[in-house]
Amino acid sequence: MRGDPAECIPALAADLHARTVHTAPCPAFDELRESQAVSRALAADGAELHVHDETTMIAAGDLPFSIGELPDVFSNFRRRVERECRVRAPLPVPAIRGASDGTRALAAARSDATLAAPDLAEARAAAAAHDSRSSFGSHGARARGLARIEQWFWADDCVARYKETRDGLVGADFSSRLSPWLSLGTVSPREVAAEIRRYESERTANESTYWLFFELLWRDYFHFWVRRWQGRAFNARGVLGRTPCGAPDRDAFAAWCDGATGERFVDAGMRELRATGQLSNRARQNVASWLARTAGIDWRWGAAWFESQLIDFDVGPNWGNWQYVAGVGNDPRNRVFDVRGQAERYDRDGAYRERWAGG
Ligand SMILES: Cc1cc2nc3c(=O)[nH]c(=O)nc-3n(C[C@H](O)[C@H](O)[C@H](O)COP(=O)(O)OP(=O)(O)OC[C@H]3O[C@@H](n4cnc5c(N)ncnc54)[C@H](O)[C@@H]3O)c2cc1C
């Protein structure tokens with residue numbers, strides 16, 4: 001089922017004879033309005049939207065400060081949260097009480113089939129699955145997310161090596177690849193946190209297992225960040241109003257989108273993004289820094305392009321990271337990436353550039 005959530009969700013609820021719909025919504029401006037519209041539409045049918053505080057690993061209600069007092073620097077946020085908060089156990093998947101077997105089967109099929117993202121993501125998934133250059137093709141339904149956890153944590157022990165591998169560019173397992181499910185909400189960050197704890201108690205606890213938790217705290221930070229800053233998350237001068245944005249150079253921007261800048265490391269990343277809707281964190285940092293800091297193009301164009309292409313698009317993590325890299329957000333060190341130096345360091349043998357940008 002696809003379309004306006006305020007129409008589709010009440011229709012689905014009616015189909016399933018559901019009186020309550022549970023959600024943990026994205027707290028950004030447009031998404032909050034959408035959630036309110038769904039709530040009103042359900043209420044008109046006599047049903048209720050139950051909003052859970054489970055979008056983030058740390059519940060917003062457990063923070064030791066108000067959202068308006070969110071620290072400007074991530075490290076200050078992390079230190080306080082690690083000292084003063086605990087991660088709640090994930091909520092169980094809601095049961096459909098009193099429903100017939102047929103209704104239960106329908107609900108299960110719907111939840112497993114739902115990609116919950118626009119057609120574009122499906123097209124990307126199909127393209128990635130058939131593109132021999134692509135390293136990772138699995139995303140979408142919750143069952144596949146749980147299978148990914150099982151494989152990456154337990155079958156292959158990749159989580160125990162994550163700190164050393166996380167800057168990888170080629171391959172499926174250098175990072176968890178859980179972002180598409182986390183951004184859609186088909187796997188919750190608290191489920192991943194619980195899996196980290198279980199792995200640490202049953203196998204090993206080391207810097208790598210901690211580092212996955214650390215990255216999930218980054219995700220939390222940017223979710224709270226977009227709640228704090230709302231419309232200013234999309235403001236050219238950034239949340240701190242630091243520097244004017246870059247120039248609106250349409251040709252240079254088009255070349256960046258097409259992976260035709262002539263800077264091979266950047267072009268490799270942009271071609272991978274376009275072909276698969278995926279990009280490693282290291283490549284994202286480099287292509288973003290190049291656009292905003294080296295080419296001097298308006299960073300919001302880059303953020304909007306990512307929004308249209310990424311299969312794991314998530315408002316806070318995307319716009320927050322873009323502001324951070326563009327030097328108008330919350331990076332106290334205001335770094336600019338030396339893209340060639342980065343390529344030599346992280347793509348030493350040139351395999352990534354070769355794969356996506358040719359010889
Ligand atoms: C310019 C730019 C744009 C980005 N846009 C998005 C986006 O739209 N959606 C998105 O989920 N992430 C975004 N990120 C963050 C990060 O690149 C991805 O979360 C990560 O590459 C996803 O791969 P993974 O699941 O294997 O991550 P892992 O390395 O396995 O990390 C585990 C999880 O931690 C979270 N995480 C990791 N790094 C970050 C980070 N820097 N900021 C916030 N959360 C993080 C993600 O939920 C991720 O799934 C962006 C980063 C940059 C530099």
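The domain bounds I will use come from an automatic or database domain assignment, and by that assignment the protein chain is divided into domain 1 (1–52), domain 2 (119–228) and domain 3 (233–357). Please keep in mind that this is a predicted model, in which local features need pLDDT of at least 70 and side-chain atom pairs count only at pLDDT 80 or more, while totals for chains, interfaces and linings use all residues. Residues are numbered from 1 along each chain as its sequence is written, and side-chain values use heavy atoms, with hydrogens and water left out.

Let me turn to the ligand. Domain 2 and domain 3 both give residues to the shell around the ligand, so the ligand lies between them. A residue is near the ligand if one of its heavy atoms lies within 4 Å of it, and of the 27 residues around the ligand, Tyr 162, Ser 175, Ser 176, Arg 177 and Asn 281 come nearest. That shell divides into 14 nonpolar, seven polar and six charged residues, where Ala, Val, Leu, Ile, Met, Phe, Trp, Tyr, Cys and Pro count as nonpolar, Asp, Glu, Lys and Arg as charged, and the others, Gly among them, as polar.

Which element gives the largest share of the shell? It is H10, with six residues, and this helix spans 207–229; helices here are DSSP runs (H or I, at least four residues), numbered from the N terminus.

As for individual atoms, a polar side-chain atom of Tyr 162 lies 2.5 Å from an oxygen atom of the ligand, whereas for Arg 177 a backbone N or O atom lies 2.7 Å from a ligand oxygen atom, and for Asp 314 a backbone N or O atom lies 3.1 Å from one.

Finally, the aromatic rings, which pair if the centres of Phe, Tyr or Trp rings (for Trp, the six-membered ring) lie within 6.5 Å, with planes under 30 degrees apart counted as stacked, over 60 as edge-to-face and the rest as tilted. A search of the whole structure finds 28 aromatic pairs. In one of them, the rings of Trp 218 and Tyr 324 have centres 5.6 Å apart and planes at 90°, so the pair is edge-to-face. Because Trp 218 lies in helix H10 and Tyr 324 in helix H15, the pair ties together parts that are 106 residues apart in sequence. Both Trp 218 and Tyr 324 are buried, meaning under 20% relative accessible area, with exposed being over 50% and partly exposed in between (1.4 Å probe, protein chains only).

Notes. Polar contact = N/O pair within 3.5 Å; in protein donor to acceptor, adjacent residues only side chain to side chain. Helix = DSSP H or I, 4+ residues; strand = E, 2+ residues; numbered from the N terminus.
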